[in-house]
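Work through these short exercises with the sequence and the 3D view side by side. Try each task before you read its solution.

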Amino acid sequence: GLLQEIEAVPFGVTTKYDGTSATYAWRNDEFSVCSRNLSIKESDRSVYWAIEKKYNLRQVLENLNARFLKNYAIQGEICGPRIQNNPMGLLNIQFYVFDVFDIDDKRYLGLEELLRFAEDNGLQVVDFTIVYPGAQKVDLDWFLEASSGAYPNGKSREGVVIRPLVETYSEILKERLRFKVINSEYLLRNEK
């Protein structure tokens with residue numbers, strides 16, 4: 001059923017980067033930095049705050065709030081040296097946006113909106129390919145093939161995330177339509 005839902009709409013295949021996720025949010029005149037499960041204080045001198053300074057994320061979000069009177073959260077993956085053994089082979093830490101949440105409207109931006117948002121604010125997004133309905137047969141084998149491949153340095157990539165261009169509710173998942181497909185070679189390489 002999930003495959004039928006996704007093949008009915010244009011969707012993006014975005015590369016799943018192997019790093020550490022981070023969220024930067026501006027809400028009610030307050031800026032916050034979070035890991036997957038924790039709020040990170042500025043005094044922690046962590047990679048999360050190094051990314052904030054590198055991309056000036058507090059200023060980006062504060063400017064958006066002043067311009068549009070809206071609160072946003074930017075979610076992305078921090079990749080680079082000393083993070084998950086740096087499978088991408090990056091020389092410096094990088095931040096790749098994979099989601100933007102409109103806090104006031106309680107909605108994620110669709111993929112096309114996300115790309116415009118990132119471009120307008122000088123941010124990098126995860127690599128992606130757009131697939132249109134009927135352009136090719138998309139079945140389980142197609143998704144497994146789409147997940148295979150390597151990062152630019154030749155190491156097996158973690159996989160892909162599948163998401164519609166426009167945010168869509170999934171009757172199957174009972175939440176937003178979006179799912180990961182993990183690369184089999186990556187799984188075998190990382191098997192303990």
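**Exercise 1.** How many helices and how many strands does the chain have?

*Solution.* Count the DSSP runs from the N terminus: helices are H or I runs of at least four residues, strands are E runs of at least two. The chain has six helices and twelve strands. The model is predicted: local features need pLDDT of at least 70, side-chain atom pairs count only at pLDDT 80 or more, and totals for chains, interfaces and linings use all residues. Residues are numbered from 1 along each chain as its sequence is written, and side-chain values use heavy atoms, without hydrogens and water.

**Exercise 2.** Why does the chain count as being as compact as a globular protein of its length?

*Solution.* Start with the rule: 2.2 Å times the number of residues to the power 0.38, with the radius of gyration taken over C-alpha atoms. For 192 residues the globule rule gives 16 Å. The chain's radius of gyration is 17 Å, close to that value, so the chain is as compact as a globular protein of that length.

**Exercise 3.** What share of the 192 residues is buried?

*Solution.* Apply the cut-offs: buried is under 20% relative accessible area, exposed is over 50%, and partly exposed lies in between (1.4 Å probe, protein chains only). Buried residues make up 46% of the chain.

**Exercise 4.** How many disulfides does the whole structure hold?

*Solution.* Look for two cysteine sulfur atoms within 2.5 Å. The search finds zero disulfides. For Cys 34, the nearest cysteine sulfur belongs to Cys 79, 18 Å away. Now check accessibility. Cys 34 is partly exposed, at 21%. Cys 79 is buried, at 1%.
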